Amino acid sequence: MTSLSVEALGAAADAVEAHLPVLVEEKFASRLFAQDATLWGPEAESEASIRLAWTGLHRSSRPLVGEIAALREELQTRGVHRIALCGMGGSSLAPEVICATAGVELVVVDSSDPDMVRSCVQDDLAGTAVVVSSKSGSTVETDSQRRIFVQAFVDAGIDPTERVIIVTDPGSAMDQQSRADGYRVINADPDVGGRYSALTAFGLVPSGLAGVDVGALLDEAEVVADLLAEDDSANPGLRLGAALGGTQPLRDKLILTDRGTPIVGFADWAEQLIAESTGKQGTGLLPVVVGTDGAAPAVAGAPDASVVALVADDDESPASEDVPSQINVSGTLGAQLLLWEVATAVAGRLLGINPFDQPDVESAKNAARELMADPSDATEAPLSTDGAVEIRTAGASLDLGASADSLSAAVDTLLAQVDPDRGYLSVMVYLDRLAHADLAGVRDSLETRLGRPVTFGWGPRFLHSTGQFHKGGPEVGVYLQVTGEPVADLPVPGQEFTLGTFIAAQAAGDAKVLADAGRPVLRLHLADQEEGLAQLTAVLGSG
């Protein structure tokens with residue numbers, strides 16, 4: 001029997017008490033599982049009407065289990081023992097946590113960084129099969145990754161149609177072209193949005209091919225589905241959603257931590273689900289992913305924060321008096337995937353927003369496209385250079401003044417912009433996240449230094465996650481962007497641009513949109529990555 005538990009304490013408990021009776025009376029849960037598109041108001045109805053099939057995936061995805069198992073066996077007969085996944089946002093984050101929790105290797109290629117993509121392609125290509133995941137097929141990152149893998153297979157004398165599996169919506173441009181070109185295509189449910197797609201083909205195909213028992217994952221979700229659909233005060237989805245989105249005044253920083261559960265990396269998946277779903281119209285919930293060592297987060301007592309802890313079923317840790325708002329959640333992975341999707345839908349209702357659109361993700365994409373047309377705009381001259389680090393701002397969003405000549409002083413000037421009561425700092429790094437994983441340690445150091453929440457995101461990965469909240473959420477963020485000169489650029493076959501050009505345009509485009517919205521942005525470019533990283537960690541701290 002799969003257990004699922006949500007315990008709210010302090011301000012979170014008050015929110016549950018205030019909102020739960022109304023949610024039960026309105027029959028929110030049963031209407032959600034009946035796919036009632038009117039739950040979020042008339043403006044959201046059109047989008048919601050084609051985005052609610054995730055409530056039944058524990059049953060509708062069952063036919064995929066056998067198909068995936070047969071394909072895995074077929075690939076193994078061809079010598080495949082390594083699965084790589086090309087995809088962004090919800091297409092990659094769910095398989096990442098599913099495989100990590102199962103202890104199964106999956107190479108997630110969710111980057112435009114030429115050094116990272118090159119290393120993922122070159123490592124054991126002969127034993128690799130690639131899943132290319134995109135709802136529309138038009139995601140430039142994913143299309144570029146696909147082109148590079150296909151060319152590598154051709155150059156190695158390997159038929160790419162025997163190694164590349166396409167996951168996309170039926171009827172998409174990629175669906176039609178891939179079938180015409182002889183590739184294996186598996187269609188996902190078109191009535192599920194990307195960040196709610198963990199139990200669709202997007203989550204199950206790469207995970208199952210890598211070796212995860214995806215049937216068991218669906219079993220875990222199915223066991224709790226009826227509970228989550230009940231109009232009852234014990235419904236953990238209603239309780240979690242009310243605790244997340246119903247605090248008064250709104251505690252919009254969610255400090256996500258893990259207290260010894262067997263689930264690996266869940267907070268990264270929850271981060272994109274919550275931030276992209278709720279960060280709009282000047283409101284939203286900002287997940288802040290912190291360490292998993294069990295220690296109390298540095299900002300746990302902040303008046304605008306709730307601590308959300310994943311706990312083991314047998315966790316008996318006493319509630320901390322220093323944490324005024326806390327939510328403890330336990331359950332198996334499959335159960336929690338469905339739980340958090342329900343809770344996010346509930347939180348969207350309480351916040352008065354449409355939890356299924358992402359208007360500001362598209363604005364950054366458009367800005368990047370414009371810069372691709374004129375790459376010189378993405379590489380404007382720096383204000384100054386300190387060692388291996390070029391210092392820039394974006395628009396008039398930040399006035400460095402005399403501090404522009406020094407890396408340390410420029411960082412100090414940016415950090416001084418963080419509101420001590422409601423603000424947060426976002427560190428956005430457009431580098432190889434696999435080679436430079438240790439850089440994420442600066443998050444802890446900066447948070448201790450500021451006494452305010454600090455998020456850390458790898459670009460362009462975060463653009464499909466917290467990037468929506470950055471631009472659509474409340475105007476309280478301050479942004480530190482880090483880019484770097486690649487060791488070697490990588491051309492994209494069949495295109496006129498390289499990955500180096502593309503990732504530079506993505507970074508510059510995002511900075512422009514943030515600056516145009518009045519958000520302070522400091523841009524640091526590492527002209528030499530090794531020397532620049534040493535300087536950067538010395539200034540920011542390494543945790």
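In this predicted model, strand β7 (residues 253-259) and strand β9 (residues 305-311) run parallel and are joined by seven bridges. Within this pairing, Leu254 of β7 has Ser306 of β9 as its bridge partner. Strand β7 also pairs with strand β8 (residues 286-289). Here four bridges link the two strands, again in the parallel sense. Leu256 stands opposite Val289 of β8. The route from β7 to β8 includes helix α13 (residues 266-278), and the three elements form a right-handed β-α-β unit.

Strand β7 is mostly covered, with seven of its seven residues buried. Its side chains point in two directions. Lys253, Ile255, Thr257 and Arg259 point one way. Leu254, Leu256 and Asp258 point the other way, and these residues too are buried.

A cavity lies beside this region. The structure holds one cavity of 30 Å³ or more. The largest cavity encloses about 40 Å³ of space. Its lining consists of Leu256, Thr257, Phe266, Ala267, Val308, Leu310 and Trp340. At least two of the lining residues come from each of β7, α13 and β9. Six lining residues are nonpolar and one is polar. No charged residue takes part in the lining.

Helix α12 (residues 236-245) is also largely enclosed by the rest of the structure, because nine of its ten residues are buried. The buried residues are Pro236, Gly237, Leu238, Leu240, Gly241, Ala242, Ala243, Leu244 and Gly245. Asn235 caps the N-terminal end of α12. One of its side-chain oxygens lies 2.8 Å from the backbone nitrogen of Gly237. The loop between α12 and β7 contains Pro249. The peptide bond from Gln248 to Pro249 is cis, with omega near -10°.

A second group of strands forms an open sheet. Its five strands are arranged in the order β3-β2-β4-β5-β6, with parallel pairing. Strands β3 (107-108) and β6 (184-187) stand at the edges, and each has a single partner strand, so one side of each is left without a neighbour in the sheet. Strand β2 (residues 82-86) runs parallel to β3, and two bridges join them. In this pair, Leu85 stands opposite Val108 of β3.

Strand β2 also pairs with β4, in the parallel sense, over five bridges. The bridge partner of Arg82 in β4 is Thr128. On to β5 (residues 164-168), β4 pairs in the parallel sense over four bridges. Val132 stands opposite Ile166 of β5. Between β4 and β5 the chain passes through helix α8 (residues 140-155), and this β-α-β crossover is right-handed.

Strand β4 is largely enclosed by the rest of the structure, because six of its six residues are buried. Both of its faces are covered. Thr128, Val130 and Val132 lie on one side, while Ala129, Val131 and Ser133 lie on the other. Val130 belongs to this strand, which spans residues 128-133. Its relative accessible area is 1%, so Val130 falls under the 20% limit for a buried residue. Val130 and Ala198 are 68 residues apart in sequence, and their C-alpha atoms are 18 Å apart in space.

Helix α16 (residues 407-415) has buried residues as well. These are Leu407, Ala410, Val411, Thr413, Leu414 and Leu415. At the start of α16, a side-chain oxygen of Ser406 reaches to within 3.4 Å of the backbone nitrogen of Ser408.

Some backbone geometries remain to be described. Most residues other than glycine have a negative phi, and most peptide bonds are trans. A cis peptide bond joins Gly459 and Pro460, with omega about 0°. Pro460 lies in the loop between β14 (454-458) and α18 (466-472).

Positive phi values occur at Lys27 and Gln35. For Lys27, phi is near 60°. This residue lies in the loop between α1 (11-25) and α2 (28-33). Lys27 counts as partly exposed, because its relative accessibility is 47%. For Gln35, phi is about 60°. Gln35 is placed in the loop between α2 and α3 (42-48). Gln35 also counts as partly exposed, at 40% relative accessibility.

Technical notes:
Residues are numbered from 1 along each chain as its sequence is written. This is a predicted model: local features need pLDDT of at least 70, side-chain atom pairs count only at pLDDT 80 or more; totals for chains, interfaces and linings use all residues. Side-chain values use heavy atoms; hydrogens and water are left out. Buried means under 20% relative accessible area, exposed over 50%, partly exposed in between (1.4 Å probe, protein chains only). Two strands pair if DSSP finds at least two bridges between them. A crossover is right-handed if, with the strands pointing away from the viewer, the path from the first strand over the helix to the second runs clockwise. A polar contact is a pair of N or O atoms within 3.5 Å; within protein, one must be able to donate a hydrogen and the other to accept it, and residues adjacent in sequence count only if both atoms are side-chain atoms. On a 1 Å grid over the protein atoms alone, a cavity is a set of points where a 1.4 Å probe fits but cannot get out, and a pocket is an open set with protein on both sides within 12 Å along at least five of seven lines; lining residues have an atom within 4 Å of a point. Grid points are joined across faces, edges and corners, and a volume is the space filled by probe spheres set on the points. Ala, Val, Leu, Ile, Met, Phe, Trp, Tyr, Cys and Pro count as nonpolar, Asp, Glu, Lys and Arg as charged, and the others, Gly among them, as polar.
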